[in-house]
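Student: Could you take me through a close look at one chain of this model, sheet by sheet? I work at the bench, so please explain the terms as you go.

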Amino acid sequence: MASRKKVLLKVIILGDSGVGKTSLMNQYVNKKFSTQYKATIGADFLTKEVMVDDRLVTMQIWDTAGQERFQSLGVAFYRGADCCVLVYDVNNNKSFETLDSWRDEFLIQASPRDPENFPFVVLGNKIDMEESKRAVSQKRAMTWCQSKGNIPYFETSAKEAINVENAFQTIAKNALQQETDADFYNDFPDPIKIDNDTSKYDSCGC
Amino acid sequence: MSNDHSNVPVISVDEEYSGYRRKYGHEDPQSVNWCRHRKHFFILSSAGKPIYTRYGDESRISGYTGVIQAIVSFFVDAEDSIRCINAGNHKFVFLLKGPLYLVAVSRTNESETQLRDQLNYLYNQILSVLTSTQLTRIFEQRINYDLRLLLGGTEPFLDNLATSMSDEPGFMLGSIQCVRMNKELRDKIGSILQIVKSKDLLYAMLIANNKLITLLRPKRHSLHSADLHLIFNMVNGSSTFRSAESWTPICLPKFNNKGFLHAYVCYITGNVCLLLISPDKDKFFELSDAKSIIVEELTSCNALQAIEEVSQSEGYSIADVGAAGLRHFIYKSRKHVQYTSPTFMAPYNDPHEKQKLFKLYRYTHDRMHSRIRPLKVHYYVSPTETILGWITSTFELYAAFGPLISKSALTNSSHTLLKWIKKEEENLFILNSQVF
């Protein structure tokens, strides 16, 4: 609670299993990449501090399980997110086609106040693979993003650290826009009217 | 930041000086030392955003608060709510209060109920700063809200409360302690407070060292001990009250959790603090004038000097009681919701020994208040003490004797203690507070 300028943002990463959600997060936070695949169980959490427009922002990154059998964390889990990152594998057509359902699922469960303008970011990962394996073209991905209200789109490689920093900077920036400073300070509650107060309770006998 | 050194602020913007340095504020939540603390408290929003941690920097425990949120969410899905996890020596106790989740992680011997009571005190402390109206409204509008933005600066009060709850039996007992004082003197002070009663005034009180000297209140509004604990915690939690007349909004949740009262706070001697509480936020000057009148009257009858002297003395010793074999005790008057306890003499003046004694009291308290099978009398022999717990319709007693005392000696000694308390009752407790 030290500084007024500090703010913490909840960022949720969603997408099919094996598209590289955990790798992206690890590359971004720890600057590390491992070729070994380990399924995320439930969720992992990482924290990273970044500066966005002179403001110190703590990103609380919620890395979720892509595999259905580990998705049992409940509807309250997505609640109060500031940004949702949708990840697919550019070499895997199915992982792109499920983005729609990931997005819908998030909007239903998180039920943000203004779903039309809720910040999403889409990442097409694994662009380090050879071109012949590519299954989803950049154009196709961008068209989809445009149709969903101009979602920012990045093509990334967690393995070779391409565009990762850039993408997360945009994520932080867009999430921060959700955090516009509402003026709660002047929202002083009504004064207590003593005469109307007839509450009875286990009081101190003195 | 520019390279021109003349532009560099004395305190870097990244680490804005908040005027308060926490003892364990920079501890790394991954470190052994951080894990070793006996009792952690965490407060987070229902979105999993950290709001408070007793140790370390809350923004660095956001991974843990994420896990907590995930666990809570898992049970919410099954229309259930998690209450407690027992893991080896550790207890994880959860209190879910709408938009706020409070969690204690403890390896003290405190019971689930005792820890949950403590979480309730912390919750009330947050309400005292925000009111439940404001808290609810904020999260209704913005469930992702980072509540630290509104609570900033109140961390010392949560820290102070967390410490007090381990050191003072009043929280466990749900009662407060009064300054032991000659009844005539207390009455005289009370009648002086009566002079300033007005429609601007709801409560007037004098306190010293977290103990109540006297209280003036309207006939229809008594004051709950939980609210008094918040008042004590406020006065005790900040040194600023010692240096000036202060005027601060405060919500007393048991009185009314929906709105603020306003407290005029001023030390009238080195130890004695006067509080005048009003429902009206514009009455600082009226209450400041009232204070002057009170001080003048107290001075003219030499009461001010007398109160200061009493408040400087450390209370009474176990020897004053004259009960053979009795080492220490806590006596709560159930009717008056007040307790009394002698000073901690050897060996309990040693913090370690004192904690050990507290541990035995806590254990006894928990056994006696068991929801499944509450007890009237509990007799427990540890290697170092024998603890008697005794609850009747009028009192609750926890008394410590040597480990070898016979039951008959213990009974005799307890009766001696009760007789002494009866004789001293009007000096130990406020039996009838001043009303108007």
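Tutor: Happily; what follows is a walk through chain B, with a short look at chain A at the end.

This is a predicted model, in which local features need pLDDT of at least 70 and side-chain atom pairs count only at pLDDT 80 or more, while totals for chains, interfaces and linings use all residues. Residues are numbered from 1 along each chain as its sequence is written, chains are lettered from A and ligands numbered from 1 in the order in which they are written, and side-chain values use heavy atoms, with hydrogens and water left out.

Let us start with the domains, whose bounds come from an automatic or database domain assignment. Chain B is given domain 1 (17–173), domain 2 (176–313) and domain 3 (318–428). The centres of domain 1 and domain 2 of chain B, taken over C-alpha atoms, are 30 Å apart. Between these two, 19 residues of domain 1 of chain B are in contact (heavy atoms within 4.5 Å) with 17 residues of domain 2 of chain B. Together they bury about 1400 Å², 56% of it on carbon and sulfur atoms; buried area is the accessible area (1.4 Å probe) that two parts lose on being put together, summed over both. The count of salt bridges between domain 1 and domain 2 of chain B is zero, where a salt bridge is a side-chain nitrogen of Lys or Arg within 4 Å of a carboxyl oxygen of Asp or Glu.

Now to the strands and helices, which are DSSP runs numbered from the N terminus (helices H or I, at least four residues; strands E, at least two). Two strands pair if DSSP finds at least two bridges between them. In chain B, strand E3 (residues 84–87) and strand E4 (residues 90–97) run antiparallel, joined by four bridges. B:Asn86 has B:Lys91 as its bridge partner in E4(B), and B:Gly88 takes a positive phi near 60° in this hairpin, which has two residues between the strands. E4(B) also pairs with strand E5 (residues 100–106) of chain B, in the antiparallel sense over seven bridges. There B:Lys97 stands opposite B:Leu100, and B:Gly98, in the turn of a hairpin with two residues between E4(B) and E5(B), has a positive phi of about 60°.

Next comes an open sheet of six strands with mixed pairing, in the order E9-E10-E11-E7-E8-E17 (chain B). Its edge strands, each pairing on one side only, are E9 (246–250) and E17 (434–435) of chain B. Helix H7 (residues 183–195) of chain B packs on this sheet and touches strands E7 (203–208), E8 (211–217), E11 (272–278) and E17 of chain B, its direction making about 40° with that of E8(B). Helix H11 (residues 303–312) of chain B lies across E7, E8 and E11 of chain B, at about 110° to E11(B). Both angles are between N-to-C directions, from 0 to 180 degrees, with axes fitted to C-alpha atoms, for helices over the stretch in contact. Back at the edge, E9(B) and strand E10 (residues 261–267) of chain B run antiparallel over five bridges, with B:Ser246 opposite B:Val265.

Finally, chain A has a mean pLDDT (the predictor's confidence in each residue, from 0 to 100) of 85, and 82% of its residues reach 70 or more.
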